[in-house]
Amino acid sequence: MFDYSQLKIHSDCIEYNGIEAEKIIFCEGYQCQNSPYWKEVPMLPAKGEIMTIECPSMPEDFIVLSGMFIIPIGNKRFRCGATYEWKFSDELPSAGGKVKLIDLLNENIKVPYTIIEHTAGVRPTVKDRRPVIGAHPTSDRVLIFNGLGTKGVMLSPLFSLQMAEWLEGKTQLNPEVNVNRFLKMR
Ligand SMILES: Cc1cc2nc3c(=O)[nH]c(=O)nc-3n(C[C@H](O)[C@H](O)[C@H](O)COP(=O)(O)OP(=O)(O)OC[C@H]3O[C@@H](n4cnc5c(N)ncnc54)[C@H](O)[C@@H]3O)c2cc1C
């Protein structure tokens, strides 16, 4: 785990456990709500559960999107999900989540399948459903890239490019994603 007490912010660099760098970018997902730098970002984390199934008789040349996704991942296996839960006490797969996924699966497919894996994660969703990018008000060496929420796979290529170009001084951050909408200069 990152030890915040070891982070030293100097005028010309940051230092962490003997590592010196120009800047540090925090990409902590929903756990930024426990960070001394980013706890004011209004996270509304959403736990989600998915399953991997094996289904030899199901075609593998299309994705099902009907109340759930069923995505072929090769070798007659399919990734299926996902559930949404806004109140949760752990990040673990649950019996209730499994029942929900099986019910959804049984509505969508009528052929036999075997459950191979059942996992859970937490989506770093933000109150206004926008990414959170930019610098901390106290130091432009301390940065955040977060808030990808339910769409991290889709959003991260666009916004990581925007962040890289912003860091190189080539562009401005879109105000809708700038962390300064939550953290103001003090
Ligand atoms: C069930 C489910 C289904 C999803 N489906 C889709 C989908 O179909 N399409 C889509 O686009 N997106 C989907 N997402 C969303 C996508 O997974 C997220 O948007 C994405 O993972 C966010 O990436 P991230 O790197 O910002 O955060 P995360 O993936 O949450 O990664 C943050 C990392 O930081 C680590 N960390 C946190 N604090 C510390 C610390 N103090 N020290 C060290 N490490 C720390 C965590 O352990 C974690 O590894 C889904 C998410 C879930 C849970």
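This briefing covers the domains, the two sheets and the ligand surroundings of one protein. The model is predicted. The protein is assigned two domains: domain 1 (4-40 + 131-181) and domain 2 (46-123). Residues from each of these domains help to surround the ligand, at least three from each.

**Domains**

- Domain 1 is made of two stretches of the chain, 4-40 and 131-181.
- Domain 2 spans 46-123.
- Taken over C-alpha atoms, the centres of domain 1 and domain 2 lie 32 Å apart.

**The three-strand sheet**

- This open sheet has three strands in the order E4-E11-E10, with mixed pairing.
- Its edge strands are E4 (24-26) and E10 (132-136), and each pairs on one side only.
- On average, neighbouring strands of this sheet are turned by 25° against each other, direction ignored.
- The parallel part of the pairing is between E4 and E11, which share three bridges.
- Isoleucine 25 has leucine 143 in E11 as its bridge partner.
- The antiparallel part is between E10 and E11 (residues 139-146), joined by five bridges.
- E10 and E11 also form a hairpin, with two residues between them.
- Along this pairing, valine 132 has asparagine 146 in E11 as its bridge partner.
- Isoleucine 133 stands opposite phenylalanine 145, again in E11.

**The five-strand sheet**

- A second open sheet has five strands in the order E6-E7-E8-E5-E9.
- Its pairing is antiparallel.
- Strand E6 (64-65) and E9 are the edge strands, each pairing on one side only.
- E5 and E9 are joined by nine bridges in the antiparallel sense.
- One example is methionine 51, whose bridge partner in E9 is histidine 118.

**Around the ligand**

- The ligand has 22 residues around it.
- Those that come nearest are Gly29, Gly48, Gly121, Gly152 and Val153.
- Three elements give two or more residues to this shell: strand E5 (46-54), strand E9 (114-123) and helix H2 (152-167).
- E5 and E9 are also the strands paired over nine bridges in the five-strand sheet.
- By class, the shell has 10 nonpolar, nine polar and three charged residues.
- Domain 1 and domain 2 each supply at least three of the shell residues.

Methods
Residues numbered from 1 in each chain as written. Predicted model: local features only at pLDDT ≥ 70, side-chain atom pairs only at ≥ 80, totals over all residues. Pairing = 2+ DSSP bridges. Helix = DSSP H or I, 4+ residues; strand = E, 2+ residues; numbered from the N terminus. Axes fitted to C-alpha atoms, helices over the stretch in contact; angles between N-to-C directions. Near = placed C-beta within 6 Å. Nonpolar A, V, L, I, M, F, W, Y, C, P; charged D, E, K, R; others polar. Domains from an automatic or database assignment.
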